[in-house]
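Please walk me through this protein structure, beginning with the way its helices pack and then moving outward to the loops.

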Amino acid sequence: MQGRIKWVEGRTFVAESGSGHAVVIDGPTEHGGRDLGPSPMELVLLGTGGCTAFDVLDILRKQRQAVTDCQVELEAERAPDPPRVFTRITMRFVVTGRGLSRPAVERAVELSAEKYCSASIMLAKTVEFAREVELRETPAT
């Protein structure tokens, strides 16, 4: 895996992945940025949420669960002093579908956390994680 970060101006950078995808990274105005994009730590949080969402959806599809929507709501707490690392991340999995099995969804979240999600497994060495599951039924049409 490769990437490149190019400074644009002030606190604005363009990050480009080895696969050619780009995202603007910026800081808030109170830190000299223009707030044009997520901060580096926001990207770490979003990447972790994306990693686990990929896993959970893949696992549920393999279990033939009728998923129609999957969201991961994230809330992170950070240390008050530099290096202001994440100290706790709460992940709330909101999975919508028809006749979903709570044990199947909870097992998918557990497998992601313990076996598949590289990002959360890496962060778990220093971050406390809390995970919650909410199931929503898709209305009959």
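Is the crossing of α1 and α2 left-handed or right-handed? In this predicted model, the crossing of these two helices is right-handed. Two packed helices are described by the angle between their axes and the distance between the axes. Here, helix α1 spans residues 40-62 and helix α2 spans residues 102-116, and their axes come within 9 Å of each other while crossing at roughly 130°. Angles over 145 degrees would count as roughly antiparallel, and 65 to 115 degrees as roughly perpendicular; α1 is therefore oblique to α2.

The residues that form this contact can be listed for each helix. From α1 come Thr52, Asp55, Val56, Ile59 and Leu60, and from α2 come Ala104, Val105, Ala108, Val109, Leu111, Ser112 and Tyr116. By residue class, the contact of α1 with α2 comprises nine nonpolar residues, two polar residues and one charged residue.

The helix pair belongs to a chain with three helices and six strands. Read from the N terminus, the order of elements is β-β-β-α-β-β-α-α-β. Along the principal axes, the C-alpha atoms fill a box of roughly 50 × 30 × 30 Å. Of the 141 residues in the chain, 32% are buried. When contacts between residues at least 6 apart in sequence are considered, 52% of them join residues at least 24 apart.

Two residues of the helix contact merit a closer look. Thr52 lies in helix α1, and Ser112 lies in helix α2. Their side chains make a polar contact with each other at 2.7 Å. Is Thr52 buried or exposed? Residues under 20% relative accessible area count as buried, so Thr52, at 1% relative accessibility, is buried. Ser112 is likewise classed as buried, because its relative accessibility is 0%.

The surroundings of these two residues extend beyond the helix pair. Apart from neighbours within four places in sequence, Thr52 is in contact with Val72, Met91, Phe93, Ser112 and Cys117. Of these partners, Val72 belongs to the stretch 66-78, which is β4, and Met91 and Phe93 belong to the stretch 86-98, which is β5. With residues up to four places away in sequence not counted, Ser112 touches Thr52, Asp55, Val56, Ile59, Cys117, Ser120 and Ile121. Ser112 and Val56 are 56 residues apart along the chain, yet their C-alpha atoms are separated by 6.4 Å.

The contact between Ser112 and Ser120 leads to the remaining helix. Ser120 is found in helix α3, which covers residues 118-123. Ser120 is buried, because its relative accessibility is 1%. Outside its neighbours within four places in sequence, Ser120 is in contact with Thr48, Ser112, Ala113, Phe129 and Arg131. Where the chain separation is 69 residues, between Ser120 and Cys51, the C-alpha atoms are separated by 7.9 Å.

A contrasting pair starts from Glu42, which is also found in helix α1. Glu42 counts as partly exposed, because its relative accessibility is 42%. How far apart in space are Glu42 and Val67? These residues are 25 apart in sequence, and the distance from C-alpha to C-alpha is 27 Å.

The loops contain backbone features that deserve attention. Pro82 and Pro83 are joined by a cis peptide bond, with omega at about 15°. Pro83 is placed in the loop between β4 and β5. Arg84 lies in that loop between β4 and β5 as well, and its phi is near 45°, a positive value in a residue other than glycine. With a relative accessible area of 35%, Arg84 is partly exposed.

A positive phi is also found at Asp35, where the value is near 60° in a residue other than glycine. The place of Asp35 is in the loop between β3, residues 22-25, and helix α1. Which class of accessibility applies to Asp35? The cut-off for exposed is over 50% relative accessible area, so Asp35, at 54% relative accessibility, is exposed.

Key. Residues are numbered from 1 along each chain as its sequence is written. This is a predicted model: local features need pLDDT of at least 70, side-chain atom pairs count only at pLDDT 80 or more; totals for chains, interfaces and linings use all residues. Side-chain values use heavy atoms; hydrogens and water are left out. Axes are lines fitted to C-alpha atoms, for helices over the stretch in contact, and angles run from 0 to 180 degrees between N-to-C directions. Helices (H or I, at least four residues) and strands (E, at least two) are DSSP runs, numbered from the N terminus. Angles under 35 degrees count as roughly parallel, over 145 as roughly antiparallel, 65 to 115 as roughly perpendicular and the rest as oblique. A crossing is left-handed if the near helix is turned anticlockwise from the far one by less than a right angle, and right-handed if clockwise. Contact means heavy atoms within 4.5 Å. Ala, Val, Leu, Ile, Met, Phe, Trp, Tyr, Cys and Pro count as nonpolar, Asp, Glu, Lys and Arg as charged, and the others, Gly among them, as polar. Buried means under 20% relative accessible area, exposed over 50%, partly exposed in between (1.4 Å probe, protein chains only). A polar contact is a pair of N or O atoms within 3.5 Å; within protein, one must be able to donate a hydrogen and the other to accept it, and residues adjacent in sequence count only if both atoms are side-chain atoms.
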